[in-house]
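Work through the exercises below with the sequence and the model side by side. Try each task before reading its solution.

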Amino acid sequence: MPRTCPECGDVIVGREDKKFCSDACRNAFNNKINKDSNNYMRNINNRLRKNYRILASLNTEGKTKITKSKLVSKGFDFDYFTNLLHTKTGNTYYFVYEQGYMPLENDYYILVKKDVSQ
């Protein structure tokens, strides 16, 4: 019984363990599986990516103090972050992946970056 490509249905020629007839079919199949399943998820991921890019562009030194208005002017959305870090001293850091921020007094924020090199 000939094997068929799960993407296009063509007969597969070649190695016995080959699953797709071409790289294009393999890529198309995997892109369908891995794409964001709906608009809601896609919109959240886009906001997280935008927040990440803003934090990374403003925090090139690993630790930076900045005003809230600067973040807002770049389009930062404070409602979207990936995780929180509560310190022993009672401070709360908000993170978008490894890029983080913490509110300070007078509408200032401290931007930090987690060391994720492992």
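**Exercise 1. Place Tyr97 and describe its backbone.**

Solution. Start with the location: Tyr97 sits in the loop between strand S3 (92–96) and strand S4 (99–103). Strands here are DSSP runs of E with at least two residues, helices are runs of H or I with at least four, and both are numbered from the N terminus. Next, take the backbone angle: phi of Tyr97 is near 60°, a positive value in a residue other than glycine. For background, most residues other than glycine have a negative phi. Last, check the cover: Tyr97 counts as partly exposed because its relative accessibility is 44%. The cut-offs are under 20% relative accessible area for buried, over 50% for exposed, and partly exposed in between (1.4 Å probe, protein chains only).

A note on the source: this is a predicted model, in which local features need pLDDT of at least 70, side-chain atom pairs count only at pLDDT 80 or more, and totals for chains, interfaces and linings use all residues. Residues are numbered from 1 along each chain as its sequence is written, and side-chain values use heavy atoms, with hydrogens and water left out.

**Exercise 2. Find where Asp107 lies and give its phi.**

Solution. Go to the loop between S4 and strand S5 (108–113); Asp107 lies there. Then read the angle: Asp107 is not a glycine, yet its phi is positive, at about 60°.

**Exercise 3. Lay out the fold and judge how spread out the chain is.**

Solution. Count the elements: there are 3 helices and 5 strands. Put them in sequence order: α-α-β-α-β-β-β-β. Now compare sizes: the radius of gyration is 22 Å, well over the 13 Å that the globule rule gives for 118 residues, so the protein is more spread out than a compact globule. That radius is taken over C-alpha atoms, and the rule is 2.2 Å times the number of residues to the power 0.38. Then add the dimensions: the C-alpha trace spans about 70 × 30 × 25 Å along its principal axes.

**Exercise 4. Describe burial, surface and contacts.**

Solution. Of the 118 residues, 24% count as buried. The accessible surface comes to about 8,600 Å², and 49% of it belongs to carbon and sulfur atoms. These areas come from the Shrake-Rupley method with a 1.4 Å probe. Finally, take contacts (heavy atoms within 4.5 Å). Among those between residues at least 6 apart in sequence, 35% join residues at least 24 apart.

**Exercise 5. List the salt bridges and place their partners.**

Solution. Apply the rule: a side-chain nitrogen of Lys or Arg within 4 Å of a carboxyl oxygen of Asp or Glu. The count comes to 3 salt bridges.

- Glu7 pairs with Lys32, with the closest N and O atoms 2.9 Å apart. This pair links distant parts of the chain: Glu7 is in the segment before helix H1 (23–34), Lys32 is in helix H1, and they are 25 residues apart. Glu7 is partly exposed at 24% relative accessibility, while Lys32 is exposed at 55%.
- Arg15 meets Asp17 at 3.0 Å, N to O. Arg15 counts as exposed, with 59% relative accessibility.
- Asp23 joins Arg26, with the closest N and O atoms 3.1 Å apart. Both lie in helix H1, 3 residues apart, about one turn of the helix. Asp23 is exposed at 52% relative accessibility, and Arg26 is partly exposed at 34%.
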